[in-house]
Amino acid sequence: MAFDIEMIKKVYSQYEERINAARQVVNKPLTLSEKILYAHLWHGNATEAYERGSSYVDFAPDRVAMQDATAQMALLQFMQAGRPKVAVPSTVHCDHLIQARDGAEQDLTRAKNESSEVFNFLSSVSNKYGIGFWKPGAGIIHQVVLENYAFPGGMMIGTDSHTVNAGGLGMVAIGVGGADACDVMAGLPWELKFPKLIGVKLTGKLSGWSAPKDVILKVAGILTVKGGTGAIVEYFGEGAESLSCTGKGTICNMGAEIGATTSTFGYDESMERYLRSTDRAEVADAANAIKAHLTADPEVYADPEQYFDQLIEINLSELEPSLNGPFTPDLYTPVSRMRDEAEKNGWPTKVEWGLIGSCTNSSYEDLSRAASIAQQAIDKGLITKAEFGINPGSEQVRYTADRDGLLKTFEDLNATIFTNACGPCIGMWDRAGADKQEKNTIVHSFNRNFAKRADGNPNTYAFVTSPEMVAAIAISGDLGFNPVTDTLTNRDGQEVKLDPPTGDELPAKGFDVEDAGYQAPAEDGSNVEVDVSPSSDRLQLLEPFEPWEGTDLKGLRLLIKAKGKCTTDHISMAGPWLKYRGHLDNISNNMLIGAVNYFNDQTDSVKNQLTGEYGGVPATQRAYKAEGIGSIVVGDENYGEGSSREHAAMEPRHLGVRAVLVKSFARIHETNLKKQGMLGLTFADKDDYDKIQEDDTIDILGLTEFAPGKSLTLVLHHADGTQEQIEANHTYNAQQIEWFKAGGALNIIRRNQKN
Ligand code: F3S
């Protein structure tokens with residue numbers, strides 16, 4: 001579907017030269033991850049070796065993918081750049097806003113009605129700016145990307161943490177915030193801290209009930225939810241080559257659950273088979289021509305300990321099927337120990353639902369293996385104990401699975417086939433009775449199982465496992481059921497055993513689809529109108545922020561002195577607010593409502609210096625804005641940690657906060673503030689945090705000589721008439737100072753477009 005073979009060929013044509021240049025500077029054999037990274041340097045050939053885990057490097061990704069929830073603000077911002085088209089191939093996928101309840105058709109119709117303004121906006125903005133648009137029902141972003149766009153050795157960013165799924169086809173694919181996606185679409189470089197490298201050597205071969213999912217469940221058990229932070233996980237070995245391409249996707253997908261930057265596999269025959277089967281023979285041929293560059297240098301895998309920062313070895317022949325959970329994806333329990341563990345921990349063993357799908361496990365192979373278990377249940381006269389829900393990964397998978405009778409098999413077990421969308425995986429599941437909050441157990445083939453994630457019930461114990469195990473356990477209705485050893489009693493009272501699953505890596509008759517749900521953009525979008533109603537409460541076109549007025553900032557009121565942890569979630573809360581993520585003014589009503597006020601230990605309660613009364617943070621800030629008075633936010637250590645949500649920087653900017661002064665910043669948030677034209681400063685002496693008083697008015701001096709490495713002076717005017725002077729540091733480089741002066745990075749891009 002409009003994969004860009006010319007772009008891929010161009011990337012491949014540069015590979016040899018770029019990798020040779022990298023080998024020279026690194027001066028040793030290269031891992032696959034390093035090859036892909038060095039082949040995508042923004043400035044071209046490598047001129048220095050980067051330090052893993054510390055160098056910040058500019059990259060030039062080949063593609064951008066966005067899902068419907070995060071695309072809204074990314075594209076509203078992109079419109080500010082004034083470009084006629086996106087700078088790199090990009091796609092939008094409508095998969096997050098479709099609630100699972102009654103079944104595919106009814107659910108899709110309902111979602112289209114409820115979110116029509118968002119879908120229409122995304123469709124029109126995509127049409128205008130040269131972006132491929134995948135309509136609601138077309139499929140889950142990462143499955144659609146794997147089927148259509150991922151290519152070995154490529155680099156992609158996506159506004160969703162499971163973008164990493166494309167590592168199954170040998171990419172370095174990384175989840176980012178909307179601001180990063182906007183930059184890359186606008187033609188700017190993308191910065192990343194050069195990752196560390198974790199090698200996972202896979203030996204042996206999967207058999208019986210074990211599946212690719214069990215590989216990543218095991219890795220998650222070893223590394224825990226934090227163990228992959230800042231690292232790329234590179235899988236290799238004979239075991240890796242024995243896995244299907246979509247199975248590799250499953251493994252990379254859940255790399256997000258161990259915090260990894262991304263995961264990847266070297267190009268092999270399984271990828272070639274998948275490319276050819278999904279109608280991309282041209283990509284396979286192009287990849288074959290540079291095959292040696294699409295995997296690590298041979299010395300690396302021969303002696304991996306020398307080349308990776310950490311090494312893990314897993315023998316697939318010994319790998320047991322397993323279930324991870326509840327409430328965390330790294331709590332690993334092999335199926336043979338589940339009954340004991342459940343008893344010991346008081347996990348309910350009666351299973352209420354089995355859910356198959358999500359971007360993690362919704363390929364044709366996944367459905368076919370799970371269907372083979374469902375078929376056995378029918379053939380052997382078993383009565384299914386739990387309810388079944390299936391979300392196919394894409395319309396292409398759904399259509400083909402339907403043609404081949406797989407969906408009928410599930411339906412014969414009374415399964416509900418939901419829309420080709422995220423559904424329960426992102427909590428978009430209107431599960432009957434969930435509001436009663438009863439303690440209960442579900443099993444699913446998804447990636448995340450935090451409390452409340454699937455159905456909003458904090459007492460739902462969710463266990464993550466492979467699709468075939470979901471099928472077996474849902475049929476048995478028993479969390480402790482081990483299909484490898486246990487029997488089940490059928491309708492006639494006979495003891496029967498389920499045979500291990502069988503399935504097709506790829507459909508024997510090939511993939512098929514009538515309408516994949518793709519809308520190609522207009523050749524010339526200049527006359528396309530972007531569809532945003534001025535009365536919408538979910539979408540709002542952005543106005544450029546005002547440039548700096550050219551003087552020092554004087555008389556700023558202290559809005560809040562935040563105490564302790566202040567993450568992007570404290571600054572811009574999620575939950576019900578996500579509905580407004582495309583409407584900056586409405587979502588700004590959540591600004592800093594989660595931050596604790598140092599002076600009264602309360603959240604969302606600050607003193608309005610104009611009236612002396614306490615009120616909510618957004619309302620107080622709006623009062624200052626109405627009077628044309630700027631304000632300042634003061635914070636503690638690691639301010640803005642957590643998700644890279646750009647709203648946390650845009651909201652204060654929109655409401656008229658002029659500066660954020662903290663003990664230290666989380667780097668991504670600091671950069672986001674800079675991009676929005678805000679002043680992000682740190683106390684030169686952290687103890688000066690204690691000097692900030694509730695009624696302070698603050699001046700920021702030195703801005704007319706604002707320069708890299710040169711600190712600024714702040715004057716604190718206290719209510720008792722005294723004043724103190726303190727020093728504030730910053731990390732703005734010359735370019736970022738220009739962003740500040742112009743009122744934001746996008747203002748500069750727009751200005752350059754016009755020139
Ligand atoms: Fe996220 Fe959708 Fe996958 S919610 S985890 S992209 S199924």
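**Exercise 1. Find which residues of helix α24 are buried, then follow what surrounds them.**

Step 1. Open helix α24, which spans residues 734-742, and look for its buried positions: Q736, W739, F740 and A742. Keep in mind as you go that this is a predicted model.

Step 2. Now see what those buried residues pack against. Their partners are α23 (667-675), β27 (679-683) and α25 (745-754).

Step 3. Finally, step just past the helix. G743 follows α24, and its phi is positive, near 90 degrees.

**Exercise 2. Describe the overall build of the protein chain.**

Step 1. Start with secondary structure: the protein chain holds 25 helices and 30 strands.

Step 2. Next, consider its dimensions. Along the principal axes, the C-alpha atoms fill a box of roughly 90 × 60 × 55 Å.

Step 3. Compare the chain with a compact globule. For 755 residues, such a globule would have a radius of gyration near 27 Å, and the protein chain, with 27 Å, agrees with this.

Step 4. Look at burial: 56% of the 755 residues are buried.

Step 5. Turn to contacts. Taking those between residues at least 6 apart in sequence, 78% join residues at least 24 apart.

**Exercise 3. Divide the chain into domains and work out where the ligand lies.**

Step 1. Mark the three domains: domain 1 covers 5-318, domain 2 covers 322-496 and domain 3 covers 553-754.

Step 2. Check a spacing. The centres of domain 2 and domain 3, taken over C-alpha atoms, are 46 Å apart.

Step 3. Go to the ligand, which has 13 residues around it; S358, C359, C422, C425 and I426 are the closest.

Step 4. Sort this shell by class: 6 residues are nonpolar, 5 are polar and 2 are charged.

Step 5. Conclude with the position. Both domain 1 and domain 2 give residues to the shell, so the ligand lies between them.

**Exercise 4. Explore the largest nonpolar core through one of its residues.**

Step 1. Recall a general tendency: in soluble globular proteins, nonpolar side chains tend to be buried together.

Step 2. Find the largest nonpolar core here. It has 229 residues, and F410 and I632 have the most contacts inside it.

Step 3. Pick F410 and list its neighbours, leaving out residues up to four places away in sequence. F410 touches A371, A374, F388, I390, A415 and I417.

**Exercise 5. Which backbone features stand out at P326, F327 and L592?**

Step 1. Begin with the peptide bond from G325 to P326: this bond is cis, with omega near 0 degrees. P326 sits in the loop between β12 (322-324) and β13 (332-334).

Step 2. Move on to F327, found in the loop between β12 and β13. Although F327 is not a glycine, its phi is positive, about 70 degrees. F327 counts as partly exposed because it has 15 C-beta neighbours inside 10 Å.

Step 3. Jump ahead to L592, a residue other than glycine whose phi is also positive, near 60 degrees. Its place is the loop between α20 and β23 (606-607). With 31 C-beta neighbours inside 10 Å, L592 counts as buried, since the cut-off for burial is 20 or more.

**Exercise 6. Decide for D379, D285 and L578 whether each is exposed or partly exposed, and find a C-alpha distance for each.**

Step 1. Locate D379 in helix α15, residues 364-379. Only a count is needed here: 10 other C-beta atoms lie within 10 Å, so D379 is exposed. The C-alpha atoms of D379 and N638 are 58 Å apart, with their places 259 residues apart along the chain.

Step 2. Locate D285 in helix α12, residues 281-289. D285 has 13 other C-beta atoms within 10 Å, so this residue is partly exposed. From D285 to E272, 13 residues apart along the chain, the C-alpha separation is 8.5 Å.

Step 3. Locate L578 in the loop between α19 (568-571) and α20 (584-587). Its 18 C-beta neighbours inside 10 Å make L578 partly exposed. L578 and R538 are 40 residues apart along the chain, and their C-alpha atoms are separated by 9.5 Å.

Notes
Residues are numbered from 1 along each chain as its sequence is written. This is a predicted model: local features need pLDDT of at least 70, side-chain atom pairs count only at pLDDT 80 or more; totals for chains, interfaces and linings use all residues. Helices (H or I, at least four residues) and strands (E, at least two) are DSSP runs, numbered from the N terminus. The radius of gyration is taken over C-alpha atoms; the globule rule is 2.2 Å times the number of residues to the power 0.38. A residue is buried if 20 or more other C-beta atoms lie within 10 Å of its own, exposed if 12 or fewer, and partly exposed in between; C-beta atoms are placed from the backbone. Two residues are in contact if their C-beta atoms, placed from the backbone, lie within 7 Å. Domain bounds come from an automatic or database domain assignment. A residue is near a molecule or strand if its C-beta atom, placed from the backbone, lies within 6 Å of it. Ala, Val, Leu, Ile, Met, Phe, Trp, Tyr, Cys and Pro count as nonpolar, Asp, Glu, Lys and Arg as charged, and the others, Gly among them, as polar. A nonpolar core is a set of buried Ala, Val, Leu, Ile, Met, Phe, Trp, Tyr and Cys residues joined through C-beta atoms within 7 Å.
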